[in-house]
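User: I've got a model open and I'd like to learn how to read its features one at a time. Can you walk me through it?

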Amino acid sequence: MAVLKVKFTKTNRNKLAQVLWILNWVSVVTGVILFGLGLFLKVEINKRWELLAERDLQYVPNMLIATGLIACAINFLGGKICYDCADTTRFLRWKLLMLPYIICTFFFTFCVLVGALMCYGMRGELEEALDQGLHDAMRYYKDTDTPGRCFLKRTVDLLQIQFQCCGNDGFRDWFQMQWISNRYLDMSRKEVVDRLRSNVEGKYLMDGVPFSCCNVNSPRPCIQQQITNNSAHFNYEYQTEELNLWMKGCRQALLDYYSHIMQSIGLTVLIIWLFELSVLTGVRYLQTSLENVVRQGDLDSESDGWLLENSFVKTARSNFNIIKSLGKCNQIETANNGDPNMDVTSTAHYGPDNLPPIPIPVAS
């Protein structure tokens with residue numbers, strides 16, 4: 001029994017073809033939107049590539065870009081097909097092509113769905129890349145004279161100012177690494193030398209943070225040195241001065257920023273998938289109804305259209321049998337190594353002691 005069978009008159013078939021022609025052109029626009037979203041995401045990731053560990057995060061925008069381009073091509077062809085199908089006689093030129101087109105479009109819409117799910121599933125990889133990338137950027141913050149790292153100080157400072165964050169998980173992360181270059185340390189001071197010697201790795205660690213961690217909303221001048229020393233500052237309580245520095249870590253700030261982008265893009269792609277699926281459903285109804293009216297021989301008569309000619313179980317079983325039969329044919333060809341003469345027996349058996357006589361030419 002056919003699945004979701006609908007009866008169409010000639011007028012209904014013509015109207016369906018015209019509506020699908022318009023919707024296919026709308027789908028071309030959605031393909032452009034997919035391409036634009038992928039390009040936008042690619043640019044946003046590349047903006048802060050130096051803060052991301054070496055992970056392949058470009059597969060999501062690349063898939064969106066490729067899907068958008070394919071959408072434009074497929075829906076352009078679909079618009080042409082639906083325009084011609086408004087006239088039943090012109091349908092005959094597309095009759096053999098429509099079923100392969102529908103199958104290809106089905107797999108394409110599945111790729112759109114995968115792209116939407118990938119947008120939502122990217123958060124874990126992004127968090128790992130940000131965690132390692134920010135840690136390395138903070139570690140090389142002081143290397144302003146090292147080629148390949150001299151830009152990291154400016155990058156981290158701009159990040160902390162723009163996103164109102166400090167450190168990786170918080171401002172205390174700066175206490176655990178040397179962020180001031182040795183060239184700016186006064187080695188003649190005993191305090192500096194003792195601090196360097198007290199550290200096993202010879203690092204100059206202190207309870208201070210870069211200026212970019214200062215909260216501009218703080219009512220008092222920023223305290224970025226000796227943060228945990230209450231006696232070093234007048235009317236200062238370390239535990240209560242939360243407005244003095246940005247409390248949020250930059251990893252979480254960037255993760256929230258990218259997550260918002262990914263969720264917005266994922267929702268948009270999901271809506272596009274639903275739209276493409278509805279267009280594909282209409283094209284399937286148009287194809288089956290036109291094939292049935294051609295089979296009946298009366299182009300003006302009513303005809304049935306459906307999504308599947310048989311039930312889901314029968315269709316799945318039929319497709320499984322087709323795949324199974326193809327597998328058996330492949331096994332036979334592999335066994336014979338593709339030699340058509342494999343089973344042909346030879347009537348003569350020659351060996352080193354049984355050679356056919358070779359005629360010797362006689363000189364005239």
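User: Let's start with H6. Which helices do the buried residues of H6 pack against?

Analyst: A general idea helps before looking: an α-helix has 3.6 residues a turn, so residues three or four places apart point the same way. This is a predicted model, and in it the buried residues of H6 pack against H5 and H8. Those buried residues are Leu-152, Thr-155, Val-156, Asp-157, Leu-159 and Gln-160.

User: And what follows H6?

Analyst: Gln-164 comes after H6, and its phi is positive. As background, most residues other than glycine have a negative phi, and most peptide bonds are trans. Gln-164 isn't a glycine, yet its phi is about 50°. It sits in the loop between H6 and H7.

User: Is Gln-164 buried, exposed or partly exposed?

Analyst: Partly exposed, because its relative accessibility is 41%, between the 20% and 50% cut-offs.

User: Where else should I look for a positive phi in a residue other than glycine?

Analyst: Try Gln-226, where phi is near 50°. Gln-226 belongs to the loop between H7 and H8. With a relative accessible area of 38%, Gln-226 is partly exposed too.

User: Let's zoom out. How many helices and strands are there?

Analyst: The chain has 9 helices and 2 strands. Going along the sequence, the order is β-α-α-α-α-α-α-α-α-β-α. There are 364 residues, and 39% of them count as buried.

User: What share of the contacts comes from residues far apart in sequence, 24 or more positions?

Analyst: Take the contacts with a separation of 6 or more: 73% of them are between residues 24 or more positions apart. For a concrete pair, look at Leu-57 and Leu-126, which are 69 residues apart in sequence but 7.4 Å apart in space, C-alpha to C-alpha.

User: Where is Leu-57, and what does it touch?

Analyst: Leu-57 is in the loop between H1 and H2. Leaving out residues up to four places away in sequence, Leu-57 touches Ile-45, Leu-52, Met-122, Glu-125, Leu-126 and Ala-129. Leu-57 counts as buried because its relative accessible area is 3%, and the cut-off for buried is under 20%.

User: Now helix pairs. At what angle do the axes of H2 and H4 cross?

Analyst: For any pair, look at axis distance, angle and handedness, then at who makes the contact. The axes of H2 and H4 come within 10 Å and cross at roughly 150°. Anything over 145 degrees counts as roughly antiparallel, so that is how H2 and H4 run relative to each other. The crossing is left-handed. On the H2 side the contact residues include Tyr-59, Met-63, Ile-70 and Ile-81, and on the H4 side they include Met-98, Tyr-101, Phe-108 and Met-118. By class, this contact has 18 nonpolar, 4 polar and no charged residues.

User: What does the same reading give for H1 and H8?

Analyst: Their axes come within 9 Å and cross at roughly 155°. H1 is therefore roughly antiparallel to H8. This crossing is left-handed as well. The residues of the H1 contact with H8 split into 25 nonpolar, 6 polar and 3 charged.

User: What about the core? Which residues touch the most other members?

Analyst: The general idea is that in soluble globular proteins, nonpolar side chains tend to be buried together. Here the largest nonpolar core has 79 residues, and Trp-174 and Val-209 touch the most other members. Among the elements giving two or more residues to this core are H1, H2, H4 and H5, while H8 gives the most, with 18 residues.

User: What does Val-209 touch?

Analyst: Not counting residues up to four places away in sequence, Val-209 touches Cys-166, Phe-171, Trp-174, Phe-175, Trp-179, Gln-224, Ile-227 and Leu-245.

User: One last residue: is Arg-251 buried or exposed?

Analyst: Arg-251 is in helix H8, and it counts as buried because its relative accessible area is 15%. To see its surroundings, skip residues up to four places away in sequence: Arg-251 touches Glu-127, Leu-130, Asp-131, Leu-134, Gly-167, Asn-168 and Asp-169.

How values were computed:
Residues numbered from 1 in each chain as written. Predicted model: local features only at pLDDT ≥ 70, side-chain atom pairs only at ≥ 80, totals over all residues. Heavy atoms only, no water. Core = buried A, V, L, I, M, F, W, Y, C linked by side-chain atoms within 4.5 Å. Buried < 20%, exposed > 50% of the residue type's maximum accessible area, 1.4 Å probe, protein only. Helix = DSSP H or I, 4+ residues; strand = E, 2+ residues; numbered from the N terminus. Contact = heavy atoms within 4.5 Å. Axes fitted to C-alpha atoms, helices over the stretch in contact; angles between N-to-C directions. Parallel < 35°, antiparallel > 145°, perpendicular 65-115°, else oblique. Left-handed = near helix turned anticlockwise from the far one by under 90°. Nonpolar A, V, L, I, M, F, W, Y, C, P; charged D, E, K, R; others polar.
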